[in-house]
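Got your viewer open? Load the model, switch to cartoon view, and follow along one selection at a time.

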Amino acid sequence: MTRPLTSDPPVRGLVAPNPSPLTGAGTNTWIVGGSSLVVIDPGPDDPAHLAAILGVVSPGQRIDLIVVTHAHLDHSALAPHLAARTGAPVHAFGGATEGRSRVMQGLADSLAVQGEGLDHRFTPDRRLADADLLTGPDWDLRALHTPGHLGGHLCLALGDTLFSGDHVMGWSTSIVSPPDGDMTDYMASLHRLAQARWSRFLPGHGDPVADPARRLAELIAHRQGRETQILAMLSEGPARIAELTARIYAGTPSHLLPAAARNVLAHLVDLASRKLVTARPSLAPDAEFRLA
């Protein structure tokens, strides 16, 4: 079922049938335009969702463009099938591992923990860089490279509306999982978005965010609070990720603790890069961390 959100230009939303603890009700697919349509985040490889997207195309309309915010399977896997049915080119920053920071590139071989759901087969037809502009008869989309959740993550600005992908969501915080996710980059991207004035965010999961400035401030404060917690615990003595995770996320359901541990690791990598903590014998998920 589509959710009509605006009429100038038209913006409609579809929710893919992939609910889970990490996707909420499912992945949001956004369809923008009147006669010439752009589909943002086709979603998971699901025939029913493909049929739903094609079903919203009325006579006199056509899908001319497909944009993927990042190469996670729940956002990108349907893109080649939609492209095959419509002939529309697929735009994105790049493949699943592109855009990684230098720190994460160095850690990629040694880190046993990897982000879940990478779409290693994904290759866009055309690559988008920061500030690239896509235009249609009644819409202009500006790409913003917002690494953090994934190195190649993009947001897309439609005037003062932002399609925020998985970088900013209202229902949950984003997973930042090294080496695919980078907390240093994630925080920088949050601060970058906070410098602009937005009317609303249309995220990759969950409902529209009606007060973007407030939500960005909440997310920044949340991450800074986690950092403060970690530093306070390490001030009591060295600790490993499992111990820190158990204390910080006390009461969290057990099936969500692996994702929580990856967020803790992301903070520790960031803190290590800022020379606030050290890892022994080396920076790795099983290391012992202490204050520098």
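Before the first stop, one term: two strands pair if DSSP finds at least two bridges between them. Keep in mind, too, that this is a predicted model.

**Stop 1: strand β3.** Select residues 28–32, which make up β3. Its neighbour on one side of the pairing list is β2 (residues 10–15), and the two pair in the antiparallel sense over 5 bridges. To see one of those bridge positions, show Leu14 and find its partner in β3, Thr29.

Now bring in β4 (36–40). It runs antiparallel to β3, with 3 bridges joining them. Show Trp30 and you'll find it opposite Ile40 in β4. Follow the chain from β3 to β4 and you go round a hairpin with 3 residues between the strands. Click on Gly33 in that turn: its phi is positive, about 120°.

Is β3 buried or exposed? Mostly covered: 5 of its 5 residues are buried. Colour the two faces separately, with Asn28, Trp30 and Val32 on one side and Thr29 and Ile31 on the other; both faces are covered.

**Stop 2: the largest nonpolar core.** Keep Ile31 on screen and add Ile53, Ile63, Ile66, Leu82, Val90 and Phe122. Out of 22 residues in the largest nonpolar core, these seven touch the most other members. Next, colour the elements that give two or more residues to this core: β4, α1 (47–55), β5 (62–67), α3 (79–86) and β6 (90–92). The largest share, 3 residues, comes from α3. In soluble globular proteins, nonpolar side chains tend to be buried together.

Zoom in on Ile53. What is it in contact with, leaving aside neighbours within four places in sequence? The set is Leu14, Thr29, Ile31, Val39, Pro42, Ile63, Leu78 and Leu82. You've already met Leu14 and Thr29 as bridge partners.

Apart from this core lies another one, of 20 residues; to find it, select Leu107, Ile230, Ile248 and Ala279, which are among its members.

**Stop 3: Asp182.** Go to the loop between β11 (161–165) and α5 (183–194), where Asp182 sits. Asp182 counts as buried because its relative accessible area is 7%, and the cut-off for buried is under 20%.

Show everything around Asp182. Beyond four places in sequence, its contacts are Ser101, Met104, Gly148 and Val176. Try a distance to Val103 as well: the two residues are 79 apart along the chain, yet their C-alpha atoms are separated by 8.6 Å. Last click: the backbone nitrogen of Thr184, which lies 2.9 Å from a polar atom of the Asp182 side chain.

Notes
Residues are numbered from 1 along each chain as its sequence is written. This is a predicted model: local features need pLDDT of at least 70, side-chain atom pairs count only at pLDDT 80 or more; totals for chains, interfaces and linings use all residues. Side-chain values use heavy atoms; hydrogens and water are left out. A nonpolar core is a set of buried Ala, Val, Leu, Ile, Met, Phe, Trp, Tyr and Cys residues joined through side-chain atoms within 4.5 Å. Buried means under 20% relative accessible area, exposed over 50%, partly exposed in between (1.4 Å probe, protein chains only). Helices (H or I, at least four residues) and strands (E, at least two) are DSSP runs, numbered from the N terminus. Contact means heavy atoms within 4.5 Å. A polar contact is a pair of N or O atoms within 3.5 Å; within protein, one must be able to donate a hydrogen and the other to accept it, and residues adjacent in sequence count only if both atoms are side-chain atoms.
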